[in-house]
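Here is a friendly walk through one model, in questions and answers. Take a look at it first.

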Amino acid sequence: MTPTPDYKLGTYEFPRGWFMIGDAGKLGSKGPETLHYFGQEMVFYRGASGKPHLVEAYCPHMGAHLAKNTTSYVVRDGEQVQGESIRCPFHGWRFGPDGKCDDIPYSPNFIPKAACLKTFPVAERAGIVWMWHDPEGQQPDQDLPAFAPWDKENEGWVRWLIDDYGTLPVHAVEIVDNMADFGHMGPIHGSLHNQYFDNIFDGHKVIQRFDAGHRTLASDASSTLALDTWYEGPSILQSDMRGAFPSLMLLAHTPVGKGMTRIWHALMVKMPSLEAARTDLETARMYQRASRDAVAQDVEIWANKAPSVNPMQIPADGPYGKVRLWYSQFYNPRDKAAAIQKRVQGQVVTFGEPRPVEDAA
Ligand code: FES
Ligand SMILES: [Fe+2]
């Protein structure tokens, strides 16, 4: 597993940003659940209100795991989650959603100030649970994307289901490389008659605009699939796809450990009419499967490749170096991000006549 220092991305092993941690419909539905991301063990639980909470897994008292227990009477008696708090199965210390210990059953008058669990910012949006990871332990300085079609069912949008590709032995930088990867579009994805490919670097966003024919997602081989694909932060890729159907694709990836990355896919589809969105769900699902299978073509490469610490870039390739430099802003102290952004800001056209930057979504 190739760690971050090999790629010379920066100071931190894991980046700063919002990251997917699971499917909101499934996560924590059976009580507190163990998650392992960023090389650490965490516990996800929902309070009595249904609100999601994410805390470090090990109790500050004597190190018991808060979720890996089935035999303690705290668990058997259903006292693990009370209100928005979580109780340790070992000696029953209870911690509030801010991480502070709020009850020690056998010590009503003394709770040590240091009895505090580390908590992580967590949010639920578009059917997904997200966490904010920050090596400096600060609050988010980026917004979670809006995923606007999620709230446009009345305009014929069909919400996505989550496809889980599992955890791959690949550093996330090699996934982000895709933003610059013009050369793989034909061989991997079956793109035909390329028309345009550029990248726009804009703060914590990077955009790729790509127009070509496509063997699976355009309506037929002669028509065009126009893609505006962008990252907001280090791990959330969306693609506005105008093929057989308008659709919004999500690719989310989260570091599990050094050089290990979990990847999910999802796709929302705009059906031609409200009626079709209600009655012809299968067509939307089929389109999601076609998109899932297109990304699976990348996934198969990622799952089996050797690390590419220094891509052997040729002039016809897209700007790998710039994409990696853009990506490095998330691996360095927050106060260095602006300087890194400034170094890459702007447009790189790899194929076709330059188009105005302002036309990008
Ligand atoms: S180890 Fe958690 S209460 Fe003692
Ligand atoms: Fe790809």
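**Strand partners and enclosed spaces**

Q: In β8, which residue is the bridge partner of R94?
A: This is a predicted model, and R94 belongs to strand β7, residues 94-95. Strands β7 and β8 pair in the antiparallel sense over two bridges. Across in β8, the bridge partner of R94 is D103.

Q: Which are the edge strands of the open sheet of four strands?
A: The sheet is open and antiparallel, with its strands in the order β5-β6-β7-β8. An edge strand here pairs on one side only. That description fits β5 (81-82) and β8 (101-103).

Q: Which element gives the most to the lining of the largest cavity?
A: The largest cavity holds about 340 Å³ of space, and 25 residues line it, with N178, H189, L227, M249 and D298 the closest to its centre. Elements that each supply at least two lining residues include α4 (185-189), β16 (224-232) and α6 (281-304). With five residues, the one that gives the most is α6.

Q: How many residues in the lining of the largest cavity are charged?
A: By class, 15 lining residues are nonpolar and nine are polar. The charged class has one.

Q: What volume does the second largest cavity have?
A: The structure holds two cavities of 30 Å³ or more. The second largest is lined by 13 residues, with H171, A172, P255, G257 and G259 nearest its centre, and β18 and β19 (260-270) each supply at least two of the lining residues. Its lining divides into six nonpolar, five polar and two charged residues. The volume of this second largest cavity is about 60 Å³.

Conventions. Residues numbered from 1 in each chain as written. Chains lettered and ligands numbered in written order. Predicted model: local features only at pLDDT ≥ 70, side-chain atom pairs only at ≥ 80, totals over all residues. Heavy atoms only, no water. Pairing = 2+ DSSP bridges. 1 Å grid on protein atoms, 1.4 Å probe; cavity = no way out; pocket = protein on both sides within 12 Å on 5 of 7 lines; lining within 4 Å. Points joined across faces, edges and corners; volume = space filled by probe spheres on them. Nonpolar A, V, L, I, M, F, W, Y, C, P; charged D, E, K, R; others polar.
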